[in-house]
Amino acid sequence: MNPVSAAILASLLVVRAVETAAAILNLGNLRPEIPPEMEGVYDRQAYGRSQEYARATARAGLTRQWVDLAALCAFWFAGGFQALDELARAWGGGPVLSGLLFVGALLLLSALLSLPFSVHATFVLEERFGFNRTTPRTFVLDRLKALALALALGGPLLAAVLAIFAHAGRSAWLLCWAAVAAYTLVVQFVAPRWIMPLFNTFTPLPAGELRERIERYAASVRFSLENIFLMDGSRRSSRSNAFFTGFGRHRRIALFDTLVARLAPAELVAVLAHEIGHYTRRHVLKGTILSLAHTGAMLWVLSLLMSRRWLYDAFLVERASVHAGLVLFGVLLTPVEFVVAVALNAWSRKNEHEADRFAAETTGEPEQLVGALKKLSEQNLSNLTPHPLQVALHYSHPPLLRRIAAIRGAGSASPGASESTAREGAATAHGPGREHREAGGMPPASLLGR
Ligand SMILES: [Zn+2]
């Protein structure tokens, strides 16, 4: 093993070790007694179940992470990248075609590796805790749709990136960035209207008390009712959630049918107000801009490293190429992306506090939002006492108790005084709806992390 390989491997091990330590500390932070704030919301049995759920998901998550790393190392040190490169070139057809084959084969391998974990998560873990509503048919169809979308949307973009880097010389990264930015904006713009309905059914709010209350509130903050939909979340899971996504004409707030079934109308208005808060504060648009800035920086660094011999030597690849450079750079960057994710989660948690504050102020009923969040936490078996390191690494939403304290603080104290800048876990990384969110670019700003 050459020194660069050793350094890369060491950095991957450090990332995994930190994640494992955070998960273990997190389990150590589980307390047998119910926090006073949540007495009467959780009973002893539900509280025990939420802890059992935290343990089970931690075990599954750690297994998956270490198996992923072991598979990568086995592939790497057995010369897998080199063998696949030879295979892709053997087809002839130039840098774009061999690049598509090389990257496509790796994506397929990684999808195959993750399949048993997804099956286990959906049909064993979620099933055991009473969340799963996904039928095997829906599960298979979801995967086929995601694959078709990846081919139809991701294929042409990848082909464009490969062609630009192969032919455009020094300014290639800038051209690529422009292509990726245009593509992201278009997909993000049309996703709520054209992509998300491939996975879920969206219907306008039915007439009745709830619609009237929502209409009154939406009018008071000048948000069009036409952008508010019910979504059949119950098709995949009994979990409740709500989210805001997209921008411009196709922006959309989705309230899960499971949410509407469980909350009182005033609580639902509070949740809706939170989502409108994301819209008013332009969180989705800002997130898209941040993500594009990040992509630009990555493409620039990629352009600097792509022709360096040491990158290919470290992964036992003989010939430099755009496609291999792209993939190997991705592995090399894992620790950097790990740190970037921590920063983005912190930013996301700040946004959640902002949306909460908007809801509390515009409805004038902070306790309705508090009540809604408590109910949802209980139903979704949220961990009430996550360890701060776990929060920093994985929480895209602030822990419930901190969120409640901030909502109550916002009503009386100076704004922002009780704000934390901690970040929350990636809402995209868990549960159903993952595919359409990923296909839609940036994750929607949702009510709960998981
Ligand atoms: Zn939110």
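These questions and answers concern a predicted model.

Biologist: How far apart are the end C-alpha atoms of helix H14?
Modeller: Helix H14 covers residues 366–379, which is 14 residues. At 1.5 Å a residue, H14 should span 20 Å. The model agrees with that: the end C-alpha atoms of H14 are apart by 20 Å.

Biologist: Which residue just after H14 takes a positive phi?
Modeller: H14 itself has buried residues, including Leu 369, Val 370, Leu 373 and Leu 376. Lys 374 and Ser 377 of H14 are buried too. Just after the helix, a positive phi of about 55° appears, and the residue that takes it is Leu 381.

Biologist: Which helix gives the largest share of the nonpolar patch?
Modeller: The patch lies on the surface, and its residues have about 630 Å² of accessible area together. Among them are Leu 108, Leu 115, Val 119 and Leu 151. Helix H4 (94–128) and helix H5 (136–167) each supply at least two residues. The largest share is five residues, and it comes from H4.

Biologist: Is Leu 112 buried or exposed?
Modeller: Leu 112 is found in helix H4 and belongs to the nonpolar patch. Its relative accessible area is 53%. The cut-off for exposed is over 50%, so Leu 112 is exposed.

Biologist: What is the relative accessible area of Cys 176, and how many disulfides does the structure hold?
Modeller: Buried means under 20% relative accessible area. Cys 73 has 17%, so Cys 73 is buried. Cys 176 is also buried, with a relative accessible area of 0%. The number of disulfides in the structure is zero.

Definitions and conventions: Residues are numbered from 1 along each chain as its sequence is written. This is a predicted model: local features need pLDDT of at least 70, side-chain atom pairs count only at pLDDT 80 or more; totals for chains, interfaces and linings use all residues. Side-chain values use heavy atoms; hydrogens and water are left out. Helices (H or I, at least four residues) and strands (E, at least two) are DSSP runs, numbered from the N terminus. The expected span of a helix is 1.5 Å times one less than its number of residues. Buried means under 20% relative accessible area, exposed over 50%, partly exposed in between (1.4 Å probe, protein chains only). Patches are made of residues with over 30% relative accessible area and no salt bridge: like charges are joined within 9 Å, nonpolar side chains (Val, Leu, Ile, Met, Phe, Trp, Tyr) within 5 Å. Accessible areas come from the Shrake-Rupley method with a 1.4 Å probe; for residues, only the protein chains shown count as cover. A salt bridge is a side-chain nitrogen of Lys or Arg within 4 Å of a carboxyl oxygen of Asp or Glu. A disulfide is a pair of cysteine sulfur atoms within 2.5 Å.
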